[in-house]
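Here are some notes on this chain, set out as numbered points. Please read them alongside the coordinates.

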Amino acid sequence: MKRLPLDTVLTLMRRENVLGYGSDMDELACIFAKHVTDTLSQEQAELSLTHYLAKSTHKDVIHRNQVLAKVTRFLNQYGWNLSDYHKDYYRKYFPLFG
């Protein structure tokens, strides 16, 4: 299982314009920085994405799914096996959505 430094992940996501130039990237970067110490593991990526889904100011499920699909597609290129289906995260991390 691969681990990348968090700053590398965020730099690559910005460079590849994964979420465009909107505030989503900044919001996701803040959440990643809060829940990841140094190198990003699959579990930390999952947890950070779950926090994004649970705490995002965008409550629209379609918008969340679009962001999740883009981010997971990008992260999976680096050896993770993340789902792009938000209900998987909901089931696994149910208390965070309470």
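1. Leu-53 is buried, with a relative accessible area of 1%. The threshold for "buried" is under 20%, so Leu-53 qualifies at 1%. This residue belongs to helix α3. Please bear in mind that the model is predicted.

2. What does Leu-53 touch once neighbours within four places in sequence are left aside? The partners are Arg-64, Leu-68, His-86, Tyr-89 and Phe-97. Arg-64 and Leu-68 are also listed on the α4 side of the contact between α3 and α4. Ala-69 makes a useful distance check: Leu-53 and Ala-69 are 16 residues apart in sequence, and their C-alpha atoms are 12 Å apart in space.

3. Now the helix pair itself. Helix α3 covers residues 42-55 and helix α4 covers residues 61-76. They pack at an angle of about 165°, and their axes are 11 Å apart. Angles over 145 degrees count as roughly antiparallel, and α3 and α4 are therefore roughly antiparallel to each other. Their crossing is right-handed.

4. Which residues make this contact? From α3 come Ala-45, Leu-49, Tyr-52, Leu-53 and Ala-54. From α4 come His-63, Arg-64, Val-67, Leu-68, Val-71, Thr-72 and Leu-75. By class, the contact of α3 with α4 has nine nonpolar residues, two polar and one charged.

5. Val-67 deserves its own point. It lies in helix α4. Val-67 is buried, at a relative accessible area of 5%. Not counting residues up to four places away in sequence, Val-67 touches Leu-19, Asp-24 and Tyr-52. Tyr-52 is a residue of α3, while Asp-24 is one of α2. Val-67 and Leu-28 are 39 residues apart along the chain, with 9.7 Å between their C-alpha atoms.

6. The pair α2 and α3 has another geometry. The packing angle is about 130° and the axes are 9 Å apart. Oblique is therefore the right word for α2 and α3. The crossing of α2 and α3 is right-handed. On the α2 side, the contact uses Asp-24, Glu-27, Leu-28, Ile-31, Phe-32 and His-35. On the α3 side, it uses Gln-44, Leu-47, Ser-48, Leu-49, His-51, Tyr-52 and Lys-55. The contact of α2 with α3 divides into six nonpolar, four polar and three charged residues.

7. Two residues of α3 link points 4 and 6. Leu-49 and Tyr-52 appear in the contact with α4, and Leu-49 and Tyr-52 appear in the contact with α2.

8. Which residues of helix α1 (residues 6-15) are buried? They are Leu-6, Val-9, Leu-10, Leu-12 and Met-13. These residues cover an arc of only 160° around the axis, which puts them on the same side of α1. An α-helix has 3.6 residues a turn, so residues three or four places apart point the same way. The face of α1 turned away from the buried side carries the exposed residues Asp-7, Thr-11 and Arg-15. The cover over the buried residues of α1 includes β1 (4-5), α2 (23-35), β2 (39-40) and α4.

9. Finally, check Asn-17. This residue follows α1 and sits in the loop between α1 and α2. Its phi is positive, about 55°, although Asn-17 is not a glycine. Is Asn-17 buried, partly exposed or exposed? At 29% relative accessibility, Asn-17 counts as partly exposed.

Conventions:
Residues are numbered from 1 along each chain as its sequence is written. This is a predicted model: local features need pLDDT of at least 70, side-chain atom pairs count only at pLDDT 80 or more; totals for chains, interfaces and linings use all residues. Side-chain values use heavy atoms; hydrogens and water are left out. Axes are lines fitted to C-alpha atoms, for helices over the stretch in contact, and angles run from 0 to 180 degrees between N-to-C directions. Angles under 35 degrees count as roughly parallel, over 145 as roughly antiparallel, 65 to 115 as roughly perpendicular and the rest as oblique. A crossing is left-handed if the near helix is turned anticlockwise from the far one by less than a right angle, and right-handed if clockwise. Contact means heavy atoms within 4.5 Å. Ala, Val, Leu, Ile, Met, Phe, Trp, Tyr, Cys and Pro count as nonpolar, Asp, Glu, Lys and Arg as charged, and the others, Gly among them, as polar. Buried means under 20% relative accessible area, exposed over 50%, partly exposed in between (1.4 Å probe, protein chains only). The arc is that of the directions from the helix axis to the C-beta atoms.
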